[in-house]
Amino acid sequence: MRWVAAGMAACAFLAAPARGQIRQTGPEAQLACQVFDQASGMRPVLASAQAGDAEAFPKLRQHMDALRTLTGGNLPPSLDRLGPLVGGMAYSANILLEKPHVLPTVQNGLHDVIRESLVLVSQAQEVAANERKGRQTPARVAAAQQLPILLDSLARNAGKFAATEMSQDAVFDFGRNLNDIRTLTRALIAGDAQLKIPAVSNAQQRARLQKLEEDFAPIWASAGKALGNLQAYVTARIAIDQLQKGASELVAGVLRVCYAPGIRVEPRN
């Protein structure tokens with residue numbers, strides 16, 4: 001997705017009107033300027049939608065309705081490609097608007113994982129320290145020492161999962177971190193013959209581990225919201241990329257019709 005974002009940024013820069021450039025008059029220019037305003041206004045709305053802002057989706061619908069209305073009739077030759085472009089954008093917008101809960105659900109779930117995992121790191125460090133003090137078996141000590149590392153890794157991978165340039169490797173590692181934390185915590189409590197980890201024998205350490213398992217349960221639930229919507233989330237992210245690209249193309253396509261070429265006015269103080 002990095003090259004897509006870079007291309008969109010370059011397109012947005014090239015399509016931006018120069019400071020002091022004035023708009024042309026006449027019906028054709030007026031139509032072009034209206035399209036310019038709607039497409040320009042859509043881009044920050046899409047960024048908010050991608051970040052999981054539920055309020056962005058009604059705004060996206062308003063922009064798309066306006067663009068369809070503006071480009072739905074007979075267009076002048078200079079603007080005739082706007083209709084098909086907006087039609088393609090409408091398809092991507094429908095993907096987002098049919099399931100507006102997906103992006104907020106996944107983003108909120110991932111941010112909950114990040115916050116709660118980092119809180120649990122200190123609890124896991126305490127568990128590991130007490131395993132070392134208690135002169136437990138090497139397998140128990142090694143497993144306990146992995147817990148704070150895994151929780152920190154889970155938070156970092158959740159951040160990469162939620163990022164604009166979503167990492168597929170991070171999504172895989174995110175799921176693996178979740179399973180490893182759960183498996184090791186349960187093994188440290190009840191024992192695991194396959195991992196050669198004996199059950200906890202100290203009552204205080206058992207209480208610490210049970211508290212860690214209890215506090216990990218909301219993280220597991222939050223992660224489930226993200227992973228349960230993964231396919232729909234990927235589809236929505238692709239739709240946003242297509243809409244961002246379409247909005248940039250609209251802006252570039254109407255810029256010279258809307259704004260007078262080569263005419264500048266000094267802004268007022």
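Angles over 145 degrees between the N-to-C directions of two helices count as roughly antiparallel. In this predicted model, helix H6 (residues 138–162) and helix H7 (residues 168–190) pack at about 150°, and they are therefore roughly antiparallel to each other. Helix H9 (residues 230–258) takes part in a further contact with helix H4 (residues 82–98), and H9 also meets helix H5 (residues 102–133).

**Confidence of the model**
- The average pLDDT of the chain is 88, and 88% of the residues reach a score of at least 70.
- Residues 1–15 have a pLDDT below 50, and this stretch makes 18 contacts in the model beyond near neighbours in sequence.
- Residues 263–269 likewise have a pLDDT below 50, with 10 contacts beyond near neighbours in sequence.

**Helix H2**
- Helix H2 spans residues 27–50 and contains 24 residues.
- From first C-alpha to last, H2 reaches 35 Å, close to the 34 Å expected at 1.5 Å a residue.
- Gly 52, which follows H2, has a positive phi near 95°.

**H6 and H7**
- The axes of H6 and H7 lie 8 Å apart, and H6 passes H7 in a left-handed crossing.
- By class, the residues of this contact divide into 16 nonpolar, 5 polar and 4 charged.

**H4 and H9**
- The axes of H4 and H9 come within 9 Å and cross at roughly 155°, which makes H4 roughly antiparallel to H9.
- The crossing of H4 past H9 is left-handed.
- On the H4 side, the contact is formed by Leu 82, Leu 85, Val 86, Met 89, Ser 92, Ala 93, Ile 95 and Leu 96.
- Their partners in H9 include Thr 235, Ala 236, Ala 239, Ile 240, Gln 242, Leu 243 and Gly 246, as well as Ala 247, Glu 249, Leu 250 and Val 254.
- The contact of H4 with H9 comprises 14 nonpolar, 4 polar and 1 charged residues.

**H5 and H9**
- The axes of H5 and H9 come within 9 Å and cross at roughly 115°, which makes H5 roughly perpendicular to H9.
- H5 and H9 cross in a left-handed sense.
- Val 102, Leu 103, Val 106 and Gln 107 of H5 meet Ala 232, Tyr 233, Ala 236, Arg 237 and Ile 240 of H9.
- This contact of H5 with H9 divides into 7 nonpolar, 1 polar and 1 charged residues.

**Residues of H9 in both contacts**
- Ala 236 and Ile 240 of H9 are among the residues that meet H4, and Ala 236 and Ile 240 are also among those that meet H5.

Methods: Residues numbered from 1 in each chain as written. Predicted model: local features only at pLDDT ≥ 70, side-chain atom pairs only at ≥ 80, totals over all residues. Heavy atoms only, no water. Helix = DSSP H or I, 4+ residues; strand = E, 2+ residues; numbered from the N terminus. Expected span 1.5 Å × (residues − 1). pLDDT = per-residue confidence, 0-100. Contact = heavy atoms within 4.5 Å. Axes fitted to C-alpha atoms, helices over the stretch in contact; angles between N-to-C directions. Parallel < 35°, antiparallel > 145°, perpendicular 65-115°, else oblique. Left-handed = near helix turned anticlockwise from the far one by under 90°. Nonpolar A, V, L, I, M, F, W, Y, C, P; charged D, E, K, R; others polar.
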